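Hi,

Here is the structure I said I would pass on. Have a look at it first, and then read my notes underneath.

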Amino acid sequence: MIEKGRLTVRQLASLMFLCTIGEQILFFPTMITSYAQQDAWISSLLGVGGGMVVLLIMFAVYRLDPRLNLIEHVLRVLGPWVGAIVSAFYLFYFLIGASTFIREMGDFMTTDILRNSPLWVLHLTFICALVWGLRSGLPNIGRTAEILLPIVVLFLIILTLCLLPKAELDNIKPILGRGFLDPFKGFVAVLTYPYCELCIFMMLLPYTEQRPHLKRDFLLMGMIGGLMLTLTISMCLLILGPFMTQHYWFTSFNLSRLINIGKFLQRIEAIMASVWVIAVFFKSVLFFYSFALGLAHLFRLSSYRNLIFPAALLILTCSILISPNETFYLKVIIPYWIDWDLTCGIFLPLLLILIHHLKHKLQKH
């Protein structure tokens, strides 16, 4: 087995929560509101329920053989040739996913925090942190997530409580005023962002301790993360309204700028930004890890560690080239990304389960 490290169930659950909110804590309100307008909170709430079904599909793939990760399942079920093509498809998805998350964080930092910093310098700094984390090993990544999780939750609760007096219910009226089609489009987007992207956990589950409550915690933290995103989008709608939520690119960050309690507690958006950097770090490092580990399995290498630095350079290059600006990302990449996420998170896992059971029945006969 290439990966020798092991995660505890608590560490996996911590990573699940952090990856569920991930970069979505910044972009989720804008994306879902662009589909569902003032009913985006309904789409998000329904999407959490649908997301549980997506996570059950992923867990079912893992249960086919708990010793194998996603790439090993693909190669075993689909055979060496078709399996290699599908594995390469997943690896490209992991590569572009990691590059996109880094680019999103770079755009955020250069737009709102470090405006005069070169984009490639911020990307390089973030990549160095990812390499350091990956070189430390999977158990250390899990321990770090376990330590930082309470800080992230605490800051998100503070953000909500401080802004609650500014909420106005009129901003989400009329409910379902545009019919059911727009909320349904938003529901599909929620299934995509973030739940289908959690297919990286099919790469992690085999390296987690086998405990009776593994499935429960896996689903529970995915649900809590989704509800936290629902709370964030609800606060954005209640305070800013659907128009401003849709047209602010970093809506939740702009929301944190409104905090002002007694002219004492204010200007804390930089502190809140640290929460989003932490969440994006863990999602990026797991996509990076999945890419390096999957590549090692595809080419039958004895270790993925020798691939970390070449993969880091590849991700760094792709993060610069993937998009010329934020508008291109919003208008061009996101609409096609939904199809890609649905394919990797739902359709291909269902295909693996179906083919596995068909082969099993044929072997019995």
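Below is what I found in it, going through the salt bridges, a helix packing and a surface patch.

One thing to keep in mind throughout: this is a predicted model.

Salt bridges first. The structure has eight of them, and I picked out a few to look at.

Let me start with Asp65, which sits in the loop between helix H3 (40-64) and helix H4 (70-78). Its side chain meets that of Arg67 in a salt bridge, 2.9 Å from N to O. The two partners differ in their surroundings: Asp65 is buried, since its relative accessible area of 10% is under the 20% cut-off, whereas Arg67 is exposed because its 57% is over 50%. The pair is also part of something wider, as Asp65, Arg67 and Arg76 are linked in a network of salt bridges. If you leave out residues up to four places away in sequence, Asp65 touches His73 and Arg76. Something else to look at from here is Tyr207: the C-alpha atoms of Asp65 and Tyr207 are separated by 12 Å, with their positions 142 residues apart along the chain.

Next, a pair within one helix. Arg103 forms a salt bridge with Asp107, and the closest N and O atoms are 3.1 Å apart. Both residues belong to helix H5 (residues 80-113), and because they are four residues apart there, about one helical turn separates them. Arg103 and Asp107 are both buried.

The pair I would look at after that is Glu197 and Lys283, whose side chains meet in a salt bridge at 2.5 Å, N to O. This one links distant parts of the chain: Glu197 is in the loop between helix H8 (181-192) and H9, Lys283 is in helix H11, and they are 86 residues apart. How accessible are the two, buried or exposed? Glu197 has a relative accessible area of 1%, so it counts as buried, and Lys283, also at 1%, is buried as well.

Lys283 turns up again in the helix packing. Helix H1 (residues 9-21) packs with helix H11 (residues 269-298) at an angle of about 105°, and their axes are 8 Å apart. Angles from 65 to 115 degrees count as roughly perpendicular, so that is what H1 is to H11. On the H1 side, the contact is made by Leu15, Leu18, Cys19 and Ile21; on the H11 side, by Ala279, Phe282, Lys283 and Leu286.

While you are on H1, check Ser14, which lies in that helix. Ser14 is buried, with a relative accessible area of 3%. Which residues does Ser14 touch, not counting those up to four places away in sequence? They are Ala145, Glu146 and Leu149.

Last, the surface. Leu45, Leu220, Met223, Ile224 and Leu227 form a nonpolar patch there, with about 370 Å² of accessible area together. Helix H9 (residues 214-247) gives the largest share of this patch, four residues. Leu220 is found in H9. With a relative accessibility of 35%, Leu220 counts as partly exposed, because that value falls between the 20% and 50% cut-offs.

That is it from me for now. Send me your thoughts when you have had a look.

Cheers

Conventions
Residues are numbered from 1 along each chain as its sequence is written. This is a predicted model: local features need pLDDT of at least 70, side-chain atom pairs count only at pLDDT 80 or more; totals for chains, interfaces and linings use all residues. Side-chain values use heavy atoms; hydrogens and water are left out. Patches are made of residues with over 30% relative accessible area and no salt bridge: like charges are joined within 9 Å, nonpolar side chains (Val, Leu, Ile, Met, Phe, Trp, Tyr) within 5 Å. Accessible areas come from the Shrake-Rupley method with a 1.4 Å probe; for residues, only the protein chains shown count as cover. A salt bridge is a side-chain nitrogen of Lys or Arg within 4 Å of a carboxyl oxygen of Asp or Glu. Helices (H or I, at least four residues) and strands (E, at least two) are DSSP runs, numbered from the N terminus. Buried means under 20% relative accessible area, exposed over 50%, partly exposed in between (1.4 Å probe, protein chains only). Axes are lines fitted to C-alpha atoms, for helices over the stretch in contact, and angles run from 0 to 180 degrees between N-to-C directions. Angles under 35 degrees count as roughly parallel, over 145 as roughly antiparallel, 65 to 115 as roughly perpendicular and the rest as oblique. Contact means heavy atoms within 4.5 Å.
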